[in-house]
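I opened a new model today. These are my notes on what I looked up, in the order I went.

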Amino acid sequence: MHFFTPQRCQTTSKIMYHDKAMAERAADESFVSRGVRLWVYQCEYCRTWHLTSRDPATTLPHYSIERSRKPRSRKRGYKPRW
């Protein structure tokens with residue numbers, strides 16, 4: 001028996017859909033069969049369409065938190081000298 005193996009994005013490892021309509025159809029099928037609500041977005045790496053479980057209306061933009069923090073020591077009781 002032959003099974004269809006979908007192509008996956010090399011960066012995100014998500015299933016690649018060639019157009020938005022195919023991705024929306026897959027999201028609708030997922031909701032009907034499993035009761036899971038999925039959203040469609042265009043990948044910035046491969047420029048194809050992917051599905052996500054995160055609601056785009058509630059997700060925050062990606063900010064780099066690590067750059068804004070000062071380096072910290074792992075020692076307990078360490079106090080930096082100012």
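I started at threonine 48, which sits in the loop between β1 (39-42) and β2 (49-52). The model is predicted, and I keep that in mind throughout.

Buried or exposed? I checked threonine 48 for that. Threonine 48 counts as buried, because its relative accessibility is 10% and the cut-off for buried is under 20%.

Next I asked which residues threonine 48 touches, leaving out those up to four places away in sequence. The list is Met16, Tyr17, Tyr41, Gln42 and Cys43. Tyr41 and Gln42 fall within the range of β1 (39-42).

**Hairpin**

I then looked at the two strands around that loop. β1 and β2 run antiparallel. I found 4 bridges joining them. For one facing pair, I noted valine 40, which stands opposite leucine 51 in β2.

The hairpin has 6 residues between its strands. Which residue there takes a positive phi? I found arginine 47, with phi near 65°.

**Cysteines**

I turned to the sulfur atoms. How many disulfides does the structure hold? The count is 0. Cysteine 9 is in no disulfide. The nearest cysteine sulfur to that of cysteine 9 belongs to cysteine 46, 3.7 Å away. Cysteine 46 is in no disulfide either. For cysteine 46, the nearest cysteine sulfur is that of cysteine 43, also at 3.7 Å. The cut-off I applied is 2.5 Å between sulfur atoms, so a pair at 3.7 Å is not counted.

I checked the exposure of both residues as well. Cysteine 9 is buried, with a relative accessible area of 4%. Cysteine 46 has 25% relative accessibility, so I logged it as partly exposed. Cysteine 43 came up earlier too, in the contact list of threonine 48.

**Whole chain**

Last, I stepped back to the chain. I logged 2 helices and 2 strands. What order do the elements take from the N terminus on? They run α-β-β-α.

The chain has 82 residues, and buried ones make up 17% of them. Threonine 48 counts as buried, and cysteine 9 does too.

The accessible surface of the chain comes to about 8100 Å². Carbon and sulfur atoms account for 51% of that surface.

I closed with contacts between residues at least 6 apart in sequence. Of these, 38% join residues at least 24 apart.

Notes:
Residues numbered from 1 in each chain as written. Predicted model: local features only at pLDDT ≥ 70, side-chain atom pairs only at ≥ 80, totals over all residues. Heavy atoms only, no water. Buried < 20%, exposed > 50% of the residue type's maximum accessible area, 1.4 Å probe, protein only. Contact = heavy atoms within 4.5 Å. Areas by Shrake-Rupley, 256 points an atom, 1.4 Å probe, with all protein chains shown as cover. Pairing = 2+ DSSP bridges.
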